[in-house]
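Subject: Structure handover

Hi,

Here is the structure I promised to pass on. Have a look at it first, and then read on for my notes.

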Amino acid sequence: MNDQQLLRYSRHILLQEIGIEGQEKLIGAHALVIGAGGLGSPAALFLAASGVGTLTLCDNDTVDLTNLQRQILHRTASIGMNKVDSARAALAEINPEVQVNNLKERVESARLHELVAQADVVLDCSDNFATRYALNRACVQLRKPLVSGAAIRFSGQVTVFDFRQEHSPCYHCLFPENTENEDTRCAEMGVFAPLVGIIGSLQAAEALKLLLGIGTSLCGKLLIMDALHSGLRTIKLSRDANCTVCRS
Ligand SMILES: [Zn+2]
């Protein structure tokens with residue numbers, strides 16, 4: 001690290017758990033963020049500000065006026081732009097040292113497999129079950145840690161599926177694909193603005209800890225937030241021995 005980097009990351013370097021060695025790990029790391037919306041915005045902002053060297057952002061959507069209430073990567077002037085282009089511009093202003101790969105696509109399984117293979121950690125900031133299942137499958141197959149987040153109305157949740165660990169559950173263990181999981185869209189349901197900020201920031205925190213190999217992750221635990229009544233609880237998650245996705 002040069003002097004500028006030592007200054008930029010000094011508040012991380014001062015942390016005993018991170019230090020110069022940890023910060024260098026982050027600079028050498030690659031995170032894949034699927035979705036540049038409500039959750040992807042704070043997640044990508046914190047990963048970039050923290051100096052994660054390479055960020056791959058995927059989203060096929062364009063910035064709309066209704067997004068700006070909560071998707072803090074985007075600006076009023078960005079309406080109509082591809083979200084990933086708007087995101088890359090915002091991230092470059094915060095930390096020009098980060099390499100941002102912006103992919104304007106809704107990624108399908110084969111492509112996801114390729115992208116997951118290149119990443120050290122994966123953040124699911126998507127808004128639909130098809131993407132969540134495909135991403136989970138790719139992470140199970142490639143044994144990549146997956147940080148999953150979701151938020152609707154006043155309710156949010158975060159968990160980590162760490163497939164480097166033998167007993168980690170997967171997304172399919174938690175929400176089996178054959179049950180009726182209908183996509184509840186923000187367009188119909190509404191979502192409380194700061195909630196996506198909290199959940200996306202928690203996803204960034206879990207991803208950084210996984211990259212650094214410090215602390216205790218949310219693997220095997222689902223953190224549930226009730227933003228309306230200020231409730232926060234964690235429930236235990238177990239692997240489904242009959243899961244058709246992660247059963248080896
Ligand atoms: Zn499973």
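Below is what turned up, starting with the helices and ending with the charged side chains. Keep in mind that this is a predicted model.

**Helices**

Let's begin at the N-terminal end. Met1, Leu6 and Ile20 together make a nonpolar surface patch of about 210 Å². Of these, Leu6 sits in helix α1, which covers residues 3-8, and with a relative accessible area of 31% it is partly exposed.

Helix α3 spans residues 19-27, and its buried residues are Gly19, Gly22, Gln23 and Leu26. Looking down the axis of α3, you'll find these buried residues within an arc of 100 degrees, so they line one face of the helix. They pack against α2 (10-13) and α10 (193-212).

Helix α4 (residues 40-49) is another one to pull up: 8 of its 10 residues are buried, so the rest of the structure largely encloses it. The buried set is Gly40, Ser41, Pro42, Ala43, Ala44, Leu45, Leu47 and Ala48. So what covers the buried residues of α4? The cover includes strands β1 (30-34), β2 (54-58) and β4 (121-124), along with helices α5 (83-94) and α10. Just after α4 comes Gly51, which takes a positive phi of about 90 degrees.

**Aromatics**

There are 6 aromatic pairs by the ring-centre rule. One of them is Phe129 with Tyr133: the ring centres are 6.0 Å apart and the planes are at 25 degrees, so the pair counts as stacked. Both residues belong to helix α7 (residues 129-142), and being 4 residues apart they are separated by about one helical turn. Phe129 and Tyr133 are both buried.

Phe161 and Phe163 make another stacked pair, with 6.3 Å from centre to centre and 10 degrees between the planes. Phe161 is buried at a relative accessible area of 0%, and Phe163 is buried at 6%. These two pairs are part of one aromatic cluster, formed by Phe129, Tyr133, Phe161, Phe163, Tyr171 and Phe175.

**Salt bridges**

The structure holds 8 salt bridges. In one of them, the side chains of Lys83 and Asp61 meet at 3.5 Å, N to O. Lys83 is in helix α5 while Asp61 is in the loop between β2 and α5, so this bridge ties together parts that are 22 residues apart in sequence. Is each partner buried or partly exposed? Lys83 is buried, at 4% relative accessibility, whereas Asp61 is partly exposed at 36%.

Helix α5 also supplies Asp85, whose partner Lys104 lies in the loop between β3 (99-103) and α6 (109-118), so here the bridge ties together parts 19 residues apart in sequence. The N to O distance for Lys104 and Asp85 is 3.8 Å. Both partners are partly exposed: Lys104 has a relative accessible area of 47%, and Asp85 has 23%.

Within helix α10, Lys209 and Glu206 form a salt bridge at 2.9 Å, N to O. They are 3 residues apart, which puts about one helical turn between them. Lys209 is partly exposed at 21% relative accessibility, while Glu206 is buried at 6%. Finally, Glu105, Arg111 and Glu114 are joined into one network by salt bridges that share partners.

Cheers

Note on methods
Residues numbered from 1 in each chain as written. Predicted model: local features only at pLDDT ≥ 70, side-chain atom pairs only at ≥ 80, totals over all residues. Heavy atoms only, no water. Patch = residues over 30% accessible without salt bridge, like charges linked within 9 Å, V, L, I, M, F, W, Y side chains within 5 Å. Areas by Shrake-Rupley, 256 points an atom, 1.4 Å probe, with all protein chains shown as cover. Salt bridge = Lys/Arg side-chain N within 4 Å of Asp/Glu carboxyl O. Helix = DSSP H or I, 4+ residues; strand = E, 2+ residues; numbered from the N terminus. Buried < 20%, exposed > 50% of the residue type's maximum accessible area, 1.4 Å probe, protein only. Arc of directions from axis to C-beta. Contact = heavy atoms within 4.5 Å. Phe/Tyr/Trp six-rings, centres within 6.5 Å; stacked < 30°, edge-to-face > 60°.
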